[in-house]
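Good morning, colleagues. I would like to take you through one structure, beginning with how its helices pack. Please have the sequence and the model in view.

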Amino acid sequence: MTEPTDLTRSGDIALCLDFDGTLVEIAPRPDQVRVDPDLPAALERLRARLGGALAIVTGRPIAVIDDFLSPARFDVAGLHGVERRVDGIVSGGGAADHPELRARLAGLQAAVSGLESVLIEDKGASVAVHWRLATPSDAARAEEAVKITAAALGSAYRLQLGKAVGEIVPASATKGHAIRAFAENPPYAERRAVFFGDDLTDEKAFAVVNANDGVSVRIGAAETIATRRLTDPEDVRRLLYAWADGAPIDPDALPPA
Ligand SMILES: [Mg+2]
């Protein structure tokens, strides 16, 4: 009797997954992330089980996720939802859509140029400053520089602070918006959203998921509004690989947060 129940349940969920700190361990530099070799194929198998309703929701550009998960291709909300690809069709912002941000980039670069181990990641429609490897004083100066730039840009943009990163993003871009946008399209529509994330920016997605009777899963020990919790990316992969290989898909059974 368990099999029919399981099939019904897997057909009911739309699975949205953060990338860094959720599917892969956070690396000292964003380009040093190591992807478990089994991950792309396992996500493809799981997507098939879910009738296609599996998406990556990330601060990274879609193209970077494609590189990390190659040769697999997934639906992705990139840059916190600024850009989105569903069933191969891309929508959202490019660099040309953000002249005000482009105009401020040189000033931001100049402000952090003397700081060791501070990196600017130019994503076109958003700009991230990373200070994970910087000294505390350089980290503070980097954070100050990105705050000043964000403030100068006014209300069309906002500053999003994460783990040793400050990112200037279009004001409308949040992972919560991204989850809502997926829910407007098949195969995501009419399904219960399940979202896994590890960072402050994921809390906005948890809020949307909770408000729609979905399941929110926080990775790691931090305080959260998510209702469920897993320990680390290894824990996440273990679960997703089991789901990919036929284990019952029951996110309500995950440990409470
Ligand atoms: Mg993350």
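How are helix 4 and helix 5 oriented to each other? They are roughly antiparallel, a term that applies to angles over 145 degrees. Before the details, please note that this is a predicted model, in which local features need pLDDT of at least 70, side-chain atom pairs count only at pLDDT 80 or more, and totals for chains, interfaces and linings use all residues. Residues are numbered from 1 along each chain as its sequence is written, and side-chain values use heavy atoms, with hydrogens and water left out.

Helix 4 covers residues 99-112 and helix 5 residues 136-153; their packing angle is about 155°, and their axes are 10 Å apart. Helices here are DSSP runs of H or I with at least four residues, strands are E runs of at least two, and both are numbered from the N terminus. Axes are lines fitted to C-alpha atoms, for helices over the stretch in contact, with angles from 0 to 180 degrees between N-to-C directions. On the helix 4 side, E100, L101, R104, L108, A111 and V112 meet A142, A145, V146, T149, A152 and L153 of helix 5; contact means heavy atoms within 4.5 Å. The residues of this contact comprise nine nonpolar, one polar and two charged. Here Ala, Val, Leu, Ile, Met, Phe, Trp, Tyr, Cys and Pro count as nonpolar, Asp, Glu, Lys and Arg as charged, and the others, Gly among them, as polar.

The second pair is helix 2 (residues 39-49) and helix 8 (residues 233-244), with an angle of about 50° and axes 8 Å apart. These two helices are therefore oblique, the class for angles that are not under 35, over 145 or within 65 to 115 degrees. Helix 2 contributes L39, A42, L43, R45, L46 and R49, and helix 8 contributes R237, L240, Y241, W243 and A244. By class, that contact holds eight nonpolar, no polar and three charged residues.

Let me turn to one residue. V35 lies in the loop between strand 1 (13-17) and helix 2. V35 is buried, at 19% relative accessible area, where buried means under 20% with a 1.4 Å probe and protein chains only. Leaving aside residues up to four places away in sequence, V35 touches F19, V24, P40, F68 and L69.

Finally, the whole chain. The secondary structure comes to eight helices and 12 strands. Of the 257 residues, 51% count as buried, and the C-alpha trace spans about 65 × 35 × 35 Å along its principal axes.

Definitions and conventions: Buried means under 20% relative accessible area, exposed over 50%, partly exposed in between (1.4 Å probe, protein chains only).
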